[in-house]
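Student: Could you take me through one part of this structure closely, namely the sheet, and set it in the context of the chain around it?

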Amino acid sequence: MIELQHIKKRYTEQDEAVIKDVTVSITPGEFFVMVGPSGSGKSTILRMIAGLESITGGELLIDGERMNDLPPKSRHLSMVFQNYALYPNMTVSENIVFGLKSRKVDRATQFQRLSDALTMVDLTDFSSRYPRELSGGQRQRVALARSIVSGADIILMDEPLSNLDAQLRESMRYEIKALQRKLGITVIYVTHDQTEAMTMGDRVMILNDGIVQQIGTPIQLYQVPENTFVAKFF
Ligand code: ADP
Ligand code: MG
């Protein structure tokens with residue numbers, strides 16, 4: 001369980017808070033989407049959960065343990081970025097296992113996890129290629145595989161499909177969702193795309209100006225919007 005309790009973020013003393021007072025509990029195995037317009041604070045919240053950004057108010061708990069001041073690598077989660085962040089001079093396989101090397105995983109386990117991950121993202125035939133020899137969708141799948149091999153129970157994704165063309169975006173939606181189900185992991189997924197939110201989320205949190213507008217299943221948000229912002233957004 002990931003619990004955000006009255007989370008706030010202020011980047012500088014002078015400026016007002018960009019995240020005002022966010023409280024939500026995310027359950028294990030859930031596909032949780034945070035959606036909202038650009039600048040609404042989605043990435044800030046995700047980066048606070050990841051430990052890449054300090055939390056300036058409230059509490060972040062994972063499985064009951066306070067995470068506020070723990071470094072990213074102690075949080076048992078993994079993050080997939082919008083720009084994939086692959087190493088250009090490493091092959092697909094090298095990129096994928098890179099995350100494992102620093103975690104002292106033995107070679108047999110490394111090989112097994114790599115092989116499983118390649119199969120899952122359908123890149124077995126591409127294992128010795130370099131990122132520049134791959135399409136955008138393939139690169140994004142490498143980034144996903146790298147997250148999967150880390151063995152993290154929680155994967156955070158920040159607009160992972162926004163650099164892909166429309167057709168690929170649609171097929172990747174299903175792939176990511178299928179993978180999440182299969183692995184039984186918790187995904188916190190950030191997007192500004194309403195369709196992605198509504199088709200992928202078990203629950204969706206709508207954010208505007210750092211304030212939660214509503215949290216609910218896609219059907220609840222669509223049928224019973226709590227305010228005009230939510231109604232108009234979808
Ligand atoms: P989103 O991901 O929803 O587009 P962000 O979390 O990136 O929103 O940004 C939320 C607000 O915080 C914006 O007003 C943005 O300008 C501000 N912001 C983001 N990062 C920083 C930063 N490093 N320093 C100061 N302000 C920032
Ligand atoms: Mg963002």
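Tutor: What follows describes the open sheet, and then the chain that holds it. This is a predicted model, in which local features need pLDDT of at least 70 and side-chain atom pairs count only at pLDDT 80 or more, while totals for chains, interfaces and linings use all residues. Residues are numbered from 1 along each chain as its sequence is written, and chains are lettered from A and ligands numbered from 1 in the order in which they are written.

The open sheet is formed by 6 strands in the order β6-β7-β8-β3-β9-β10, with mixed pairing; strands here are DSSP runs of E of at least two residues, and helices are runs of H or I of at least four, both numbered from the N terminus, and two strands pair if DSSP finds at least two bridges between them. At the edges are β6 (77-80) and β10 (211-216), each of which pairs on one side only, and from one strand to the next the twist averages 15°, an angle between N-to-C directions on a scale from 0 to 180 degrees, with axes fitted as lines to C-alpha atoms. Within the sheet, β3 (residues 31-35) and β9 (residues 203-208) run parallel and are joined by 4 bridges, and Phe 32 stands opposite Arg 203 in β9.

The chain as a whole has 8 helices and 10 strands. Of its 234 residues, 35% count as buried, that is, with 20 or more other C-beta atoms, placed from the backbone, within 10 Å of their own. The C-alpha atoms fill a box of roughly 50 × 40 × 30 Å along the principal axes.

Key. A residue is buried if 20 or more other C-beta atoms lie within 10 Å of its own, exposed if 12 or fewer, and partly exposed in between; C-beta atoms are placed from the backbone.
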